[in-house]
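Colleague: I should be grateful for a close look at one part of this model, beginning with a single helix and what follows it. Please then continue to whatever else deserves a careful description.

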Amino acid sequence: MMWKRIRSWLGFHSPQAAPRPVTPEPADPDLLASANTAERRAHIRNALSWILDAPLEAVDDRLRPYLFPHNRDALDQTPADLIRLTGQTLDAESDLLPAYLFHRNGYVRQTTLDRLSAETMTPFLFMALCLRGNDWVDAVRQTALTKLEALMPDLTATVLGPALPPLIRRMPSWRRVLPTQPSLPAASQPDNLALILSFPVAREAAIDSLLTPRTGPTTRMLLALARYPWLDAQLERLARNAPAPGVRRVAVSALLSGHMRWPVRRKPAGPAQPGQTESILEHRPLTCQPDRDAIFKLAAHDRAASVRALAADALIADGPDVFDREDWEHLIEDKRQSVRTRMRFFHRKWVEGSLPDYLKDPKAG
């Protein structure tokens with residue numbers, strides 16, 4: 001029920017003109033049975049038409065039942081026959097390739113992955129390729145990773161730009177590793193997102209996505225990138241130009257504090273219920289030396305109160321003499337209560353000296 005609601009919110013509706021065949025058609029000796037007649041090929045194309053038009057955020061293995069509701073072509077075939085028939089099917093019906101990336105049989109998925117090329121790559125196919133990198137079959141994951149490494153140097157921002165936002169948010173939660181080694185330390189597990197983002201075109205496409213007005217959890221996308229040191233050189237650009245206040249806030253906070261922080265979910269220490277996790281903050285020092293005065297001035301005049309509040313927090317921590325008074329005096333009469341409250345606290349701490357002992361900062365003397 002929840003999946004149906006999510007699909008509805010994404011504008012992802014089941015096709016009305018794609019009736020499921022009641023009985024399977026006779027097998028075709030030359031092609032996979034799921035594409036053996038014009039009627040069934042039309043059914044797959046009809047399903048593909050609305051899947052390819054759906055938001056990329058909806059690309060998921062739960063698409064499989066819609067693409068092959070009566071998929072029985074893998075039941076009576078040997079692996080060698082499946083590989084041969086898959087190749088013949090894709091030679092005859094190349095437009096069906098996206099559907100076969102979601103086939104129930106791993107030999108079919110693996111053979112289909114081998115047919116991907118940079119020239120025919122689309123954002124949907126790139127999403128599906130990355131999804132197969134989280135496949136439940138080790139050999140399919142190996143093929144997907146090999147293909148990803150081979151194609152990345154030739155892919156363009158036209159392909160990567162639309163696909164990266166959903167991938168950056170989702171890939172950190174994909175837990176299948178290559179090969180399946182439960183004892184492998186987390187730090188040693190393959191990071192397919194890091195592989196993608198090791199290419200300059202992908203990094204620039206990711207930053208462009210953060211600088212483009214968009215709907216959805218854009219801040220979460222930035223937090224998913226926070227672990228990568230190459231991001232640091234882009235933080236001031238994001239602090240100045242990102243349309244999403246949350247992105248500007250994360251960038252400004254990192255630049256003022258000198259540390260990047262991001263939330264991660266992990267299993268709690270000690271006895272825990274199955275599936276129980278806890279959220280903690282990871283952090284790392286920045287690899288750049290920002291102009292802190294310029295960042296403070298930028299934050300103090302930001303149009304978002306949540307970012308101006310960071311400037312007030314910096315004043316509370318550092319005192320009135322670190323930054324020019326003309327850069328922060330207007331915050332005293334800020335239109336937002338959250339900023340004015342912080343400035344009153346700042347005044348009590350640094351001007352009146354009236355804070356109770358337990359709130360005083362020992363570093364302030």
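Modeller: In this predicted model, Gly 258 adopts a positive phi of about 80° just after helix H14. Helix H14 itself covers residues 245-257. Its 13 residues, at 1.5 Å a residue, should span 18 Å, and the end C-alpha atoms are 18 Å apart, so the expected and the computed span agree. Several residues of H14 are buried, among them Val 247, Val 250, Val 252 and Leu 255. Arg 248 also belongs to the buried residues of H14.

We may now turn to the aromatic rings. The structure contains 4 aromatic pairs. One of them joins Trp 50 and Tyr 66, whose ring centres are 5.5 Å apart and whose planes meet at 85°, an edge-to-face arrangement. This pair links distant parts of the chain, since Trp 50 lies in helix H2 (residues 38-53) and Tyr 66 in helix H3 (residues 64-67), 16 residues apart. Trp 50 has a relative accessible area of 13%, and because buried means under 20%, Trp 50 counts as buried.

Another pair is formed by Phe 102 and Phe 124. Their ring centres are 6.2 Å apart and their planes stand at 50°, so this pair is tilted. It too links distant parts of the chain: Phe 102 is in the loop between helix H5 (97-100) and helix H6 (106-114), while Phe 124 is in helix H7 (residues 123-132), 22 residues apart. Phe 102 is buried, at 1% relative accessibility, and Phe 124 is buried as well, at 6%. The ring of Phe 102 has a further partner, for the charged end of Arg 132 sits over that ring, 5.8 Å from its centre.

Helix H7 leads us to the empty spaces inside the model. In the whole structure, 2 cavities of 30 Å³ or more are found. The second largest cavity holds about 30 Å³ of space. Its lining consists of Leu 129, Cys 130, Gly 133, Ala 144, Leu 145, Leu 148, Met 171 and Asn 192. H7 and helix H8 (138-151) each contribute at least two residues to this lining, and H8 gives the most, with 3 residues. By character, the lining residues of the second largest cavity comprise 6 nonpolar, 2 polar and no charged residues.

Notes: Residues are numbered from 1 along each chain as its sequence is written. This is a predicted model: local features need pLDDT of at least 70, side-chain atom pairs count only at pLDDT 80 or more; totals for chains, interfaces and linings use all residues. Side-chain values use heavy atoms; hydrogens and water are left out. Rings of Phe, Tyr and Trp (its six-membered ring) pair if their centres lie within 6.5 Å; planes under 30 degrees apart count as stacked, over 60 as edge-to-face and the rest as tilted. Helices (H or I, at least four residues) and strands (E, at least two) are DSSP runs, numbered from the N terminus. Buried means under 20% relative accessible area, exposed over 50%, partly exposed in between (1.4 Å probe, protein chains only). A charge sits over a ring if NZ of Lys or CZ of Arg is within 6 Å of the ring centre and within 35 degrees of the ring normal. On a 1 Å grid over the protein atoms alone, a cavity is a set of points where a 1.4 Å probe fits but cannot get out, and a pocket is an open set with protein on both sides within 12 Å along at least five of seven lines; lining residues have an atom within 4 Å of a point. Grid points are joined across faces, edges and corners, and a volume is the space filled by probe spheres set on the points. Ala, Val, Leu, Ile, Met, Phe, Trp, Tyr, Cys and Pro count as nonpolar, Asp, Glu, Lys and Arg as charged, and the others, Gly among them, as polar. The expected span of a helix is 1.5 Å times one less than its number of residues.
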